[in-house]
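Please open the model in your viewer and keep the sequence panel beside it. The tour below moves from one selection to the next and says what is to be found at each stop.

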Amino acid sequence: MPQDPVTEPGVTRPAVTPLDIIRVLVLLAALATLALWGFATWTLPWSVVVGIGAPAIVLVLWALVLSSKPVLRLHPFLRALVELLIYVGVTLAWWSMGSAWIGIAFAVVAVTSGVIAGRRSLS
């Protein structure tokens with residue numbers, strides 16, 4: 001039988017919600033999309049730069065502003081604007097690769113999860 005994990009006094013661990021899992025999947029999809037876009041649509045010297053650089057920039061922005069413990073504490077509306085700009089960039093990347101429906105589906109899932117997470121953080 002599986003045993004319950006040992007709880008340590010004074011240590012609190014946040015509960016992982018389905019919304020947290022969806023937001024991690026959205027971030028991973030954004031990083032994979034930007035890498036695919038960079039390597040697939042640019043010519044050889046630039047494909048390596050954009051294929052590695054675009055996901056790296058998004059990952060740094062996410063860590064600085066949008067993570068659960070961000071380095072830069074911004075107003076919630078500025079956080080939402082940064083998140084929205086990332087989602088718009090990923091959606092436009094799908095559109096430029098000729099997959100507009102995938103871009104629209106990504107945008108709907110990403111913006112919906114962002115709005116729900118933003119509303120939870122305000123209350």
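What follows is a walk through helices, their packing and two individual residues.

This is a predicted model, in which local features need pLDDT of at least 70 and side-chain atom pairs count only at pLDDT 80 or more, while totals for chains, interfaces and linings use all residues. Residues are numbered from 1 along each chain as its sequence is written, and side-chain values use heavy atoms, with hydrogens and water left out.

**First stop: α1**

Select residues 18–41, which form α1; helices here are DSSP runs of H or I with at least four residues, numbered from the N terminus. This helix has 24 residues and reaches 34 Å from its first C-alpha to its last, close to the 34 Å expected at 1.5 Å a residue, where the expected span is 1.5 Å times one less than the number of residues. Its buried residues are Leu19, Arg23, Val26, Leu27, Ala30, Leu31, Thr33, Leu34, Ala35 and Gly38, buried meaning under 20% relative accessible area, exposed over 50% and partly exposed in between, with a 1.4 Å probe and protein chains only. What covers the buried residues of α1 includes α2, α3 and α4.

Now pick out Arg23, which lies in helix α1. Is Arg23 buried or exposed? With a relative accessible area of 13%, Arg23 is buried. Leaving aside neighbours within four places in sequence, Arg23 is in contact (heavy atoms within 4.5 Å) with Trp62, Glu83, Tyr87, Ser113, Gly114 and Ala117.

Leu25, also placed in helix α1, counts as exposed at 52% relative accessibility. Show Ala110 as well: Leu25 and Ala110 are 85 residues apart in sequence and 9.5 Å apart in space, C-alpha to C-alpha.

**Second stop: α1 against α3**

Add residues 76–96, which are α3. The axes of α1 and α3 come within 10 Å and cross at roughly 45 degrees, axes being lines fitted to C-alpha atoms, for helices over the stretch in contact, with angles from 0 to 180 degrees between N-to-C directions. That makes α1 oblique to α3, since angles under 35 degrees count as roughly parallel, over 145 as roughly antiparallel, 65 to 115 as roughly perpendicular and the rest as oblique. To see the contact, display Arg23, Val26, Ala30, Thr33, Leu34, Leu36 and Trp37 in α1, which meet Glu83, Tyr87, Val90, Ala93, Trp94 and Ser96 in α3.

**Third stop: α2 against α3**

Next select helix α2, residues 44–66, whose 23 residues should span 33 Å at 1.5 Å a residue; the end C-alpha atoms of α2 are 32 Å apart, which agrees. The residues buried in α2 are Ser47, Val50, Gly51, Ala54, Pro55, Val58, Trp62, Val65 and Leu66, and what covers them includes α1 and α3.

With α3 still displayed, note that α2 and α3 pack at an angle of about 160 degrees, with their axes 10 Å apart. That makes α2 roughly antiparallel to α3. The contact is made by Val58, Leu61, Trp62, Val65 and Leu66 of α2 together with Arg79, Val82, Glu83, Ile86 and Tyr87 of α3.

**Last stop: α4**

Finally, select residues 100–122, helix α4, whose 23 residues reach 32 Å from first C-alpha to last, close to the 33 Å expected at 1.5 Å a residue. Colour its buried residues, Gly103, Phe106, Ala110, Ser113, Gly114 and Ala117; the buried residues of α4 pack against α1 and α3.

Definitions and conventions. Helices (H or I, at least four residues) and strands (E, at least two) are DSSP runs, numbered from the N terminus.
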